[in-house]
Amino acid sequence: MPSEEWIGQVVSAVKRALEELEGAKMDLPLARSLIQKVQDRARETGLSVVVAVADEGGNPVAIERMDGAFLASFDIALNKAYTACALRMSTLSLKPMAQPGGQLYGIQHTNGGKIVVFGGGVPLMKSGRLIGGLGVSGGTEAQDSALAEYGASILEEEISCRLTKRN
């Protein structure tokens with residue numbers, strides 16, 4: 001018969017695993033936190049951008065347009081986040097495949113025109129699992145891509161912060 005101490009350790013381990021899984025879900029507080037950090041980085045470089053975060057199904061969770069960002073960037077950022085989820089790859093990685101002669105040439109004309117084939121959209125992964133997408137629009141392709149990659153790079157840190165605050 002297992003000891004009470006052993007049972008307690010197993011229960012604690014299961015609770016931690018469930019908390020981590022729950023923390024790996026894209027929700028409004030996490031989306032807002034990512035958007036804020038990406039906006040802060042954009043400000044450091046003098047950019048005004050739109051940042052969009054979608055859940056694992058490509059559905060918008062949050063989107064914000066910084067003062068001075070292009071109006072057109074709203075739809076573009078949203079569609080970059082959608083594309084990253086729908087295809088589970090960055091929009092920059094998709095670009096060469098969507099060029100004439102590429103394996104996915106013409107893909108931008110599918111999905112109601114929501115597929116974006118230039119940089120600035122990245123999938124958001126946690127423990128190898130897609131939990132959302134991040135789209136940035138308003139700068140050059142290189143600037144948008146760098147900001148989106150930054151957002152993806154801090155995802156683990158943001159989730160860990162949330163779990164620490166809960167406990």
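With the whole chain selected in this predicted model, begin with its overall burial: of the 167 residues, 40% count as buried. Colouring by secondary structure brings up 6 helices and 4 strands, and if you follow the chain along its sequence, these elements come in the pattern α-α-β-β-α-α-β-β-α-α. Contacts between residues at least 6 apart in sequence can be considered next, and 65% of these join residues at least 24 apart.

Now select residues 28-44, which form helix α2, together with residues 141-153, which form helix α5. Two packed helices are described by the angle between their axes and by the distance between those axes. Here the angle is about 140° and the axes lie 9 Å apart; because angles over 145 degrees would be needed to count as roughly antiparallel, α2 and α5 are oblique to each other. Their crossing is right-handed.

To see what makes this contact, show the side chains of Leu34, Lys37, Val38, Arg41 and Ala42 on α2, and on α5 show Leu147 and Tyr150, together with the residue Gly151. Coloured by character, the residues of the contact between α2 and α5 divide into 5 nonpolar, 1 polar and 2 charged.

Finally, keep α5 alone on the screen. This helix has 13 residues, and from its first C-alpha to its last it reaches 18 Å, close to the 18 Å expected at 1.5 Å a residue. Select Asp144, Ser145, Leu147, Ala148, Tyr150 and Gly151, which are the buried residues of α5; among them, Leu147, Tyr150 and Gly151 also belong to the contact with α2.

How values were computed:
Residues numbered from 1 in each chain as written. Predicted model: local features only at pLDDT ≥ 70, side-chain atom pairs only at ≥ 80, totals over all residues. Heavy atoms only, no water. Axes fitted to C-alpha atoms, helices over the stretch in contact; angles between N-to-C directions. Helix = DSSP H or I, 4+ residues; strand = E, 2+ residues; numbered from the N terminus. Parallel < 35°, antiparallel > 145°, perpendicular 65-115°, else oblique. Left-handed = near helix turned anticlockwise from the far one by under 90°. Contact = heavy atoms within 4.5 Å. Nonpolar A, V, L, I, M, F, W, Y, C, P; charged D, E, K, R; others polar. Expected span 1.5 Å × (residues − 1). Buried < 20%, exposed > 50% of the residue type's maximum accessible area, 1.4 Å probe, protein only.
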